[in-house]
Amino acid sequence: MTTFEKIKKLLKKHNQSHLLAFWEQLNPAQRQNLLAQIERLDFSGIDRWVADYIKKPASAAIPVDFTPAWFYGLNPLGPEQERKYARARELGRELISAGKVAAFVVAGGQGTRLGFAGPKGDFPISPVKSKTLFEIFAETIATVSEKYQAVCPWYIMTSPLNYAETVEIFRSNGYYGLNEKDTFIFQQDTLPNFSFDGKILLADKDNIACSPDGHGGSLKTLYKSGAIKDMKKRGIEFISYWQVDNPLINIFDPLFIGLHALDEAEMSSKALIKTGPYEKLGNFCLVDGKVTVIEYSDLPDELAEKRNPDGSLVFELGSIAIHIINRTFVEKLNAAGFALPLHKAVKKIPHIDQQGNFIKPQQPNGIKLESFVFDALPLASKSIILETLRSEEFAPVKNATGIDSAENAREMIVARGTAWLESAGIAVPRKPDGSPNCLIEIAPSFALEKDDIKAKLNQIPKIKPRDSLCLA
């Protein structure tokens, strides 16, 4: 039996014969391309997905019984916790120095919503020097490596859409001064898109319509790509995970790493106190004693609005996609097939119809499947949460204007730099409304945290109104 006949039989068995509808119209190269894509499909999984996600109505079922998750606060509570924080910081520094911590950024996104053509990681974001997100992260990693006299490898997950472009960006920028051998760029997996009746959609006559498999898929692709094998060879034990759109990220936080290691956690998270009951952040909860994230859209209004006697929200902890993950935990998740569940998203999916006409739908017409990284949290034997400040560590660049925009992120970079300088006794001019009356950019090479400023006071010039100052 030829490969074509085998695939034809396989497709018939799984009710997907339409994928070969245009076979006679394809040239030999197109036929090979289509067959290769079909051979890569997980048909046992597809049957299950169609039954469980496509044909079943969308379910926002949340656990019946859950409580707010416990967390480590910004500041220690009492002398005993103060000693633990000090011990954790010391342990975190030791682990970084020993080369036990790797950086891992999820960078599959494009800058489309920002009006930018290219990978979002290449978007210029710093207020004075217009450094890109990739450049800021690379400079942070280089500075940490120098400070701790350690190799801190960087793993970058792209999407198939921006993989080649990302590789070229790194190559043409000389890997931003990092060693090429210590940067590992790889592609995220994809999953096919489905019509509402469970049929896989075609993007054109010889291409299946696919989408990246969600940020949860990063934990599968880390394993499949060989990144985990590379980490094991290097002696990496802990992975610092973040998403590419956050220029304020503290990639190597000794306190966070140390608390995670001290408490023998497998996957841990940073959290913010939400600005209000409906802020679009997942909610950290405890379900059967396990840390679990309940999406903001799934939390009932009465629980979202519920308050403590002091007026604070009962469910006040928001998830910001910053994690420390054990390498061995990623291995465990992949030991017997990938362990994370899928979620369905009803979307407008461009495709070709049965006549081969290209359709760009005006209304949602199909289903994309994806996994969420936070679904790994309840699978961890232990998970801790550490509170952080929005102004210090979270400025997502998602929108062209308004909340979570590039403009907003630049303002936050300036505000954080201003606060760091003022904490060291440096006068910074301010406008009548209290905002900085200058542009300030503190490069990671100058200071990784505000305490680093104090040792460099003699390098900081007097700051005048409307100055543009980059400290590097």
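Helices, here DSSP runs of H or I of at least four residues, and strands, runs of E of at least two, are numbered from the N terminus. The model on display is predicted, and the tour below moves through it by selection.

**Stop 1: a loop residue.** Select P432, which is found in the loop between helix 13 and strand 20. Because exposed denotes a relative accessible area over 50%, P432, at 91%, falls in that class. Add F256 to the selection and draw a line from C-alpha to C-alpha: the two residues are 37 Å apart in space and 176 residues apart in sequence.

**Stop 2: the second largest pocket.** Helix 13, which spans residues 406-423, leads from that loop to an open space. Of the lining of the second largest pocket, helix 13 gives the largest share, with 6 residues. To centre the view, select N250, E392, W420, L448 and E449, which lie nearest the centre of this pocket among its 43 lining residues. The space within the pocket comes to about 1,100 Å³. Colouring the lining by class should give 21 nonpolar, 14 charged and 8 polar residues. Other elements that each supply at least two lining residues include helix 4 (78-97), helix 9 (254-262), strand 19 (385-387), helix 12 (390-393) and strand 20 (439-442).

**Stop 3: the enclosed cavity.** Keep N250 selected, as this residue also lines the largest cavity. The structure holds 1 cavity of 30 Å³ or more, and the volume of the largest cavity is about 40 Å³. Which element gives the most to its lining? Strand 14 (residues 317-326) does, with 3 residues. Extend the selection to the rest of the lining: S240, I249, I251, D253, F256, K270, I322, H323 and I324 join N250 there. F256, the partner of P432 in the distance at the first stop, is thus met again in this lining. By class, 5 of the lining residues are nonpolar, 3 are polar and 2 are charged.

**Stop 4: the nonpolar cores.** Select I125, F134, F137, W154 and F252, the residues with the most contacts inside the largest nonpolar core, which has 58 residues. Helix 5 (residues 133-148) gives the most to this core, with 8 residues. A second core, separate from this one, has 34 residues, among them V106, M157, M231 and L377.

Now isolate W154 and display its surroundings. Setting aside neighbours within four places in sequence, W154 is in contact with F134, F137, A138 and I141, among others. Its contacts also include A103, V105, F170, L178, D182, T183, F184 and W242.

**Stop 5: a threonine in helix 6.** F134 serves as a link to the next selection, since T166 is in contact with F134 as well as with P119, T158 and I185, neighbours within four places in sequence left aside. T166 has its place in helix 6 (residues 163-172). Is T166 buried or exposed? T166 is buried, with a relative accessible area of 0%. For a longer view, add L20: its C-alpha atom is separated from that of T166 by 33 Å, and the two residues are 146 residues apart along the chain.

**Stop 6: the cysteines.** Finally, select C210, C438 and C470. The structure holds 0 disulfides. C470 is in no disulfide, and the nearest cysteine sulfur, that of C438, is 13 Å away. C210 has a relative accessible area of 36% and is therefore partly exposed.

Notes
Residues numbered from 1 in each chain as written. Predicted model: local features only at pLDDT ≥ 70, side-chain atom pairs only at ≥ 80, totals over all residues. Heavy atoms only, no water. 1 Å grid on protein atoms, 1.4 Å probe; cavity = no way out; pocket = protein on both sides within 12 Å on 5 of 7 lines; lining within 4 Å. Points joined across faces, edges and corners; volume = space filled by probe spheres on them. Nonpolar A, V, L, I, M, F, W, Y, C, P; charged D, E, K, R; others polar. Core = buried A, V, L, I, M, F, W, Y, C linked by side-chain atoms within 4.5 Å. Buried < 20%, exposed > 50% of the residue type's maximum accessible area, 1.4 Å probe, protein only. Contact = heavy atoms within 4.5 Å. Disulfide = S-S within 2.5 Å.
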